Amino acid sequence: MSLPDAGAEGVGHPLRNASPAATVEALRARIERAVVGKRQVVDLALTCVLAGGHLLLEDVPGVGKTTLAVALARATGGSFRRVQCTADLLPSDVTGGLILDGAGSLRFRPGPLFANVVLADEINRATPRTQSALLEAMNEAQVSVDGESHPLPSPFLVVATQNPLDVHGTFPLPDAQLDRFLVRTSVGYPPRDAERAILRGTADGSTIEPVVPEALAALRAAVRAVTVHPDLEDWVLDLVAASRSTGAFARGVSPRGAQALVAAARAHAVLHGRAWVSPEDLRALAVPVLAHRVLVRDDSDPAAAVRALADSLPPAA
């Protein structure tokens, strides 16, 4: 599925030289045409876009996970591909493979991973072998086929979904795979007014127009320029160190997890109109960024354990 060229808005479009704040509001407004009443989820998705991470949506069917992925692609001007994960899906069905051309020579035919936004629907229904085919793509933004590497489009975002209630015929994601997702969250059921709009058909993302590439590039540049005070770095270091020594955790947060929290906080700051990370950014993102990266004892809830640990630390300056 190809989406409109982001340059279609024209040279004189007001977002071409817009401020980061104006671009953020434009992205939110466009995505929320399709995903109504879910500002926090939209912001977490945009955090992944701006931070260059990937998004895992764990929820029941029918709450708008696919709608969110398509709206992200349309609003950011990217191409979109969907992979319906099943037990018989092969790695080459995702990455692409070698085929014979008309001259009898082998050439590489790109798979659905070669898009800006890739929806891996029901990812836990794919076998571990196929799940692992995503690892290189998510970590290196490339795929290797027959000893040759093929770069993926930039930007590149994987939005994966899984149903936590139906475990029949599923393969839980391994820890290494989970660790490649910047954020794990759920969409949840919509509030009443939003669901009324869905019933009436007024929640519609088919007319979402993309922001111009320059505006999106400026937004990413603003994220890279966000500053993090050393006191906030100390708070992150205290948090991950406590996760490794507190009895509630069998496995604490890795250095990659600490990096992910800071990267997400930078993007979150820009989404809220700031050029610096605040303590609120870190606390708001601790659960969606870290809960899927830890292992807790006694079958307790990872999200609750991470939230309790964050709340137990002295407030960051």
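**Entry 1: an exposed aspartate**

Where is the place of D146? I looked it up first and found D146 in the loop between β6 (142–145) and β7. A reminder to myself before going on: this is a predicted model. The phi of D146 is near 55°, which is a positive value in a residue other than glycine. I also checked the cover on D146, and at 67% relative accessibility it counts as exposed, because exposed means over 50%.

**Entry 2: another positive phi**

I then turned to D298, which has a positive phi of about 60° although it is not a glycine. I found D298 in the loop between β11 (295–296) and α12. With 76% relative accessibility, D298 counts as exposed.

**Entry 3: a cis peptide bond**

Next I went through the peptide bonds. Which residues does a cis peptide bond join? They are S154 and P155, and omega there is about 0°. I placed P155 in the loop between β7 (148–151) and β8.

**Entry 4: strand β8**

From that loop I followed the chain into β8, which covers residues 157–162. Are the residues of β8 mostly covered or mostly open? I found the strand mostly covered, with six of its six residues buried. I looked at each face in turn: L157, V159 and T161 are buried on one side, and V158, A160 and Q162 are buried on the other.

Then I looked for the strands that pair with β8. Strand β1 (residues 55–58) pairs with β8 in the parallel sense, over four bridges. I noted one residue pair here: E58 has Q162 in β8 as its bridge partner. Strand β5 (residues 117–121) also runs parallel to β8, and four bridges join the two. Here I wrote down V117, whose bridge partner in β8 is L157.

**Entry 5: the loop after β5**

I moved on to I123, which I found in the loop between β5 and α5 (128–140). Is I123 buried or exposed? It counts as buried, because its relative accessibility is 1% and buried means under 20%. I also checked I123 against T66: the two are 57 residues apart in sequence, and their C-alpha atoms are 13 Å apart in space.

I looked up a salt bridge as well, in which the side chains of E122 and R125 meet at 3.3 Å, N to O. E122 counts as partly exposed at 26% relative accessibility. R125 is partly exposed too, with a relative accessible area of 21%.

**Entry 6: salt bridges elsewhere**

That pair made me curious about the rest. How many salt bridges does a search of the whole structure find? The search gives 13. I jotted down the general idea: side chains of opposite charge can pair when their charged atoms come close.

One that I looked up is between the side chains of E209 and R33, at 3.0 Å, N to O. This pair links distant parts of the chain, 176 residues apart. I found E209 in the loop between α7 (192–200) and α8 (213–224), and R33 in the loop between α1 (20–31) and α2 (39–51). E209 counts as partly exposed at 28% relative accessibility, and R33 counts as partly exposed at 29%.

I also looked at D311 and R307, whose side chains meet in a salt bridge at 3.9 Å, N to O. Why are they separated by about one helical turn? Because D311 and R307 are four residues apart in helix α12 (residues 302–312). At 48% relative accessibility, D311 counts as partly exposed. R307 is partly exposed with a relative accessible area of 28%.

I noted a network as well: salt bridges link E25, R28 and D43.

**Entry 7: a negative patch**

I ended on the surface. Which residues gather there in a patch of negative charge? I found D231, E233, D234 and D238. I picked out D231, which lies in helix α9 (residues 230–245). D231 counts as partly exposed, because its relative accessibility is 36%.

Notes:
Residues numbered from 1 in each chain as written. Predicted model: local features only at pLDDT ≥ 70, side-chain atom pairs only at ≥ 80, totals over all residues. Heavy atoms only, no water. Patch = residues over 30% accessible without salt bridge, like charges linked within 9 Å, V, L, I, M, F, W, Y side chains within 5 Å. Areas by Shrake-Rupley, 256 points an atom, 1.4 Å probe, with all protein chains shown as cover. Salt bridge = Lys/Arg side-chain N within 4 Å of Asp/Glu carboxyl O. Lys, Arg positive; Asp, Glu negative; His and termini not counted. Charge placed at Lys NZ, Arg CZ, Asp CG, Glu CD. Buried < 20%, exposed > 50% of the residue type's maximum accessible area, 1.4 Å probe, protein only. Pairing = 2+ DSSP bridges.
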